[in-house]
Amino acid sequence: GARVYVNGKEAIFWPFGYNSFHVDVTSLLNAGGEDNVLAVRLQNRTRSSRWYPGAGLYRNVRLVNTDNTHVEVWGTQVTTPHVEKAYATVTVKTRVVHKEGTPLRIVTRITDGSGREVAQKDQTMTLHHGATFDQHLNVGNPRLWSPEHPHLYTASSRLYVDGRQVDEYQTVFGIRTVEFVPDKGFFLNGKLRKFQGVCLHHDLGPLGAAVNESAIRHQLAMLKDMGCD
């Protein structure tokens, strides 16, 4: 389990080491601008696992500093509700932490894998009662995502209040259609597809549990060579 402390006060206890979490520590910071002390305590309890899982900070840890008005952590949802050869509709839903009644402006640019802009939407609206900021964009002649051709796009959303940019949030996504058909199976981009995978632990064998990007890429390349998708 992990316990996060700020200035000696516990901000969160997270007992499960296999998924991500975040916590807002604003209320625990020193109001006078003095230095703050951030501490993380990790405890690997005896017999808490069937094997030795490793212990410590083995995934990325980030300190996120934002304006009072900002996009929530994991605050975007991108879907592609309509896809055809000529164009694709991309819906970007953004959750914003803000003062109720404040007009918000979001400028979203979608770029392809080469960095070329393929769509843009500039909108201003006032959100109420936890509503999301919804934007709909069209991408012409989309390159569809699949395991064999993993084409990716990036939605970059800039958030403005009173003409001042207060945040920018990037979301990487693929344009594709997904459908489950009864008695037939799973269809990706209109084609029947079987899931071909393996049971894989979170670590890298003798390299240990700490994330190692080059080793993970090597691992994924071997899995794809085996036929995994």
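**Worked exercises on a predicted model**

Asp-112 is buried, with a relative accessible area of 15% (buried is under 20%, exposed over 50%, partly exposed in between, using a 1.4 Å probe and protein chains only). This is a predicted model, where local features need pLDDT of at least 70, side-chain atom pairs count only at pLDDT 80 or more, and totals for chains, interfaces and linings use all residues. Residues are numbered from 1 along each chain as its sequence is written, and side-chain values use heavy atoms, with hydrogens and water left out.

**Exercise 1.** Place Asp-112 and list its polar contacts.

*Solution.*
- Step 1: Find the segment. Asp-112 sits in the loop between β6 (103–111) and β7 (117–126). Strands here are DSSP runs (E, at least two residues), numbered from the N terminus.
- Step 2: Check the side chain. It makes a polar contact with the side chain of Ser-114 (2.8 Å). A polar contact is a pair of N or O atoms within 3.5 Å; within protein, one must be able to donate a hydrogen and the other to accept it, and residues adjacent in sequence count only if both atoms are side-chain atoms.
- Step 3: Look at the backbone. The Asp-112 side chain reaches the backbone nitrogen of Arg-116 at 2.9 Å.
- Step 4: Go further along the sequence. Not counting residues up to four places away, Asp-112 touches Val-118, Leu-152 and Tyr-153 (contact means heavy atoms within 4.5 Å).

**Exercise 2.** Decide why Cys-199 is not bonded to Cys-228.

*Solution.*
- Step 1: Apply the cut-off. A disulfide is a pair of cysteine sulfur atoms within 2.5 Å.
- Step 2: Compare the distance. The closest cysteine sulfur to that of Cys-199 is in Cys-228, 12 Å away, so it is too far for a bond.
- Step 3: State the total. The structure holds zero disulfides.
- Step 4: Add the surroundings. Cys-199 is exposed at 76% relative accessibility, whereas Cys-228 is buried at 16%.

**Exercise 3.** Work out the strand order of the open sheet with three strands.

*Solution.*
- Step 1: Read the order. It is β2-β1-β3, with antiparallel pairing. Two strands pair if DSSP finds at least two bridges between them.
- Step 2: Name the edges. β2 (9–14) and β3 (38–42) each pair on one side only.
- Step 3: Count bridges. β1 (residues 2–6) and β3 pair over five.
- Step 4: Match residues. Ala-2 stands opposite Leu-42 in β3.

**Exercise 4.** Is Thr-94 buried or exposed?

*Solution.*
- Step 1: Locate Thr-94. It lies in strand β5 (residues 87–97).
- Step 2: Read the area. Thr-94 has a relative accessible area of 0%, so it is buried.
- Step 3: List partners. Leaving aside neighbours within four places in sequence, Thr-94 contacts residues including Val-71, Ile-106 and Phe-133.

How values were computed
Helices (H or I, at least four residues) and strands (E, at least two) are DSSP runs, numbered from the N terminus.
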